[in-house]
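Ever wondered how someone decides what to call a feature in a protein model? Let's work through some labels together, one question at a time.

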Amino acid sequence: MRYLDEFRDAVLVRNVLDKISNTVSRPWVIMEICGGQTHSIMQHGIDQLLPPQIELVHGPGCPVTSLELVDKALAIAALPNVIFCSFGDMLRVPGSNGDLFSIKAAGGQVRIVYSPLDAVRIAQENPDKEVVFFAIGFETTAPANAMSVLHAQALGLSNYSILVSHVTVPPAMHAILSSPNNRVQGFLAAGHVCSVMGYHQYHSISQTYKIPIVVTGFEPFDLLKGIWMTVEQLESGRFEVQNAYTRVVTEQGNIPAQAMIHRVFED
């Protein structure tokens, strides 16, 4: 399958692993930002294939939100006239008193959806209920969540709303790098985030903290290529932003998607 099997090819993977082994000379700590990257690393055993000098640290991933927002979600989901919709990865995130699974077990109408447009359809099918979608995640999920609001508006629905808990990657990077206990020496930036927002915002981070940032995809070759490019920079004392996912990501990102985000959301 084009753009899939070819990036899992054993020969390509072996070649880039050899490049990493031939380049690395000392220990380095690299963080992948996205849970999708982490899943692929674990699924394919990439962390087990790397030379022992390279330590991968798993980043924050998408379910990043505040306790206050989780508590607000729990309060809304417990209301008798509400159908609360969420991606499955949020149902076990704890609030001050329980989680969404506990609300569901107590009789709350909590539904797992695979797209915010599923929540819009539920609102259409249940005009007597208030349908609330938990809009959470990095910039990757923001265009689809914005689209659901515009779609509901176009359908004339008055019973659909979203609980917004979007965060952006650059502040998360700043928080990690400014910590006195920070050990991260290089970042693998998430390709799907950068496909929406581009990576122009990362240049100042790279220069401020003197750290390489490499945009990667999610297939084994994509990730290993990004690791190799990061190690090359670290070994040579360079710190810049590079794109190892050029078939999907451009520096400026998806301009129409960004326009939709700005139309619906406020900073």
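What follows is a set of questions and answers about this predicted model.

Q: How many aromatic pairs are found in the whole structure?
A: The search of the whole structure turns up three aromatic pairs.

Q: Why is the pair of Phe-87 and Phe-133 called edge-to-face?
A: Two values decide this. The ring centres of Phe-87 and Phe-133 lie 5.3 Å apart, and rings pair if their centres lie within 6.5 Å. The planes of the two rings stand at 80 degrees, and an angle over 60 counts as edge-to-face. So Phe-87 and Phe-133 form an edge-to-face pair.

Q: What makes Phe-87 and Phe-133 a link between distant parts of the chain?
A: Look at where each residue sits. Phe-87 is in the loop between strand S3 and helix H5, while Phe-133 belongs to strand S5. Along the chain they are 46 residues apart.

Q: Is Phe-133 buried or exposed, and how do you know?
A: Phe-133 has a relative accessibility of 0%. Buried means under 20%, so Phe-133 counts as buried.

Q: Why do Phe-218 and Tyr-245 count as a pair, and of which kind?
A: The ring centres of Phe-218 and Tyr-245 are 6.4 Å apart, and the limit for a pair is 6.5 Å. Their planes stand at 85 degrees, so this pair is edge-to-face. Here too, distant parts of the chain are linked: Phe-218 is in the loop between strand S8 and helix H11, and Tyr-245 is in the loop between strand S9 and helix H12, 27 residues apart. Tyr-245 has a relative accessibility of 11% and therefore counts as buried.

Q: What makes the nonpolar surface patch, and how is Phe-101 described?
A: The patch, of about 350 Å², is made by Phe-101, Ile-112 and Tyr-114. Phe-101 lies in helix H5 and has a relative accessible area of 31%. Buried needs under 20% and exposed needs over 50%, so Phe-101 is called partly exposed.

Q: How do you know that Glu-139 has no salt bridge?
A: The nearest side chain of opposite charge, Arg-247, is 19 Å away from Glu-139. A salt bridge needs the nitrogen within 4 Å of the carboxyl oxygen, so Glu-139 has no salt bridge. Glu-139 is nevertheless buried, and its place is in the loop between S5 and helix H7. Not counting residues up to four places away in sequence, Glu-139 touches several residues, including Val-167, Pro-170 and Ile-261.

Q: Why is Pro-116 called buried?
A: Its relative accessible area is 4%. Buried means under 20%, so the label fits Pro-116. This proline lies in helix H6. Leaving out residues up to four places away in sequence, Pro-116 touches Phe-87 and Phe-133, among others.

Q: Why is Pro-256 called exposed?
A: Pro-256, which lies in helix H12, has a relative accessibility of 59%. The cut-off for exposed is over 50%, so Pro-256 counts as exposed.

Q: What is special to note about phi of Lys-210?
A: Phi of Lys-210 is near 55 degrees, a positive value in a residue other than glycine. Lys-210 has its place in the loop between helix H10 and S8. At 56% relative accessibility, Lys-210 counts as exposed, because exposed means over 50%.

Q: How many salt bridges are there, and what makes Arg-14 and Asp-18 one of them?
A: The count comes to six salt bridges. The closest N and O atoms of Arg-14 and Asp-18 are 3.4 Å apart, and the limit is 4 Å, so this pair forms a salt bridge. Both residues lie in helix H1, four residues apart, about one turn of the helix.

Q: What makes Arg-92 and Asp-99 a salt bridge, and is each residue buried or exposed?
A: The closest N and O atoms of Arg-92 and Asp-99 are 3.8 Å apart, which is within 4 Å. Arg-92 has a relative accessible area of 59%, so Arg-92 is exposed. Asp-99, at 12%, counts as buried.

Definitions and conventions: Residues numbered from 1 in each chain as written. Predicted model: local features only at pLDDT ≥ 70, side-chain atom pairs only at ≥ 80, totals over all residues. Heavy atoms only, no water. Phe/Tyr/Trp six-rings, centres within 6.5 Å; stacked < 30°, edge-to-face > 60°. Helix = DSSP H or I, 4+ residues; strand = E, 2+ residues; numbered from the N terminus. Buried < 20%, exposed > 50% of the residue type's maximum accessible area, 1.4 Å probe, protein only. Patch = residues over 30% accessible without salt bridge, like charges linked within 9 Å, V, L, I, M, F, W, Y side chains within 5 Å. Areas by Shrake-Rupley, 256 points an atom, 1.4 Å probe, with all protein chains shown as cover. Lys, Arg positive; Asp, Glu negative; His and termini not counted. Contact = heavy atoms within 4.5 Å.
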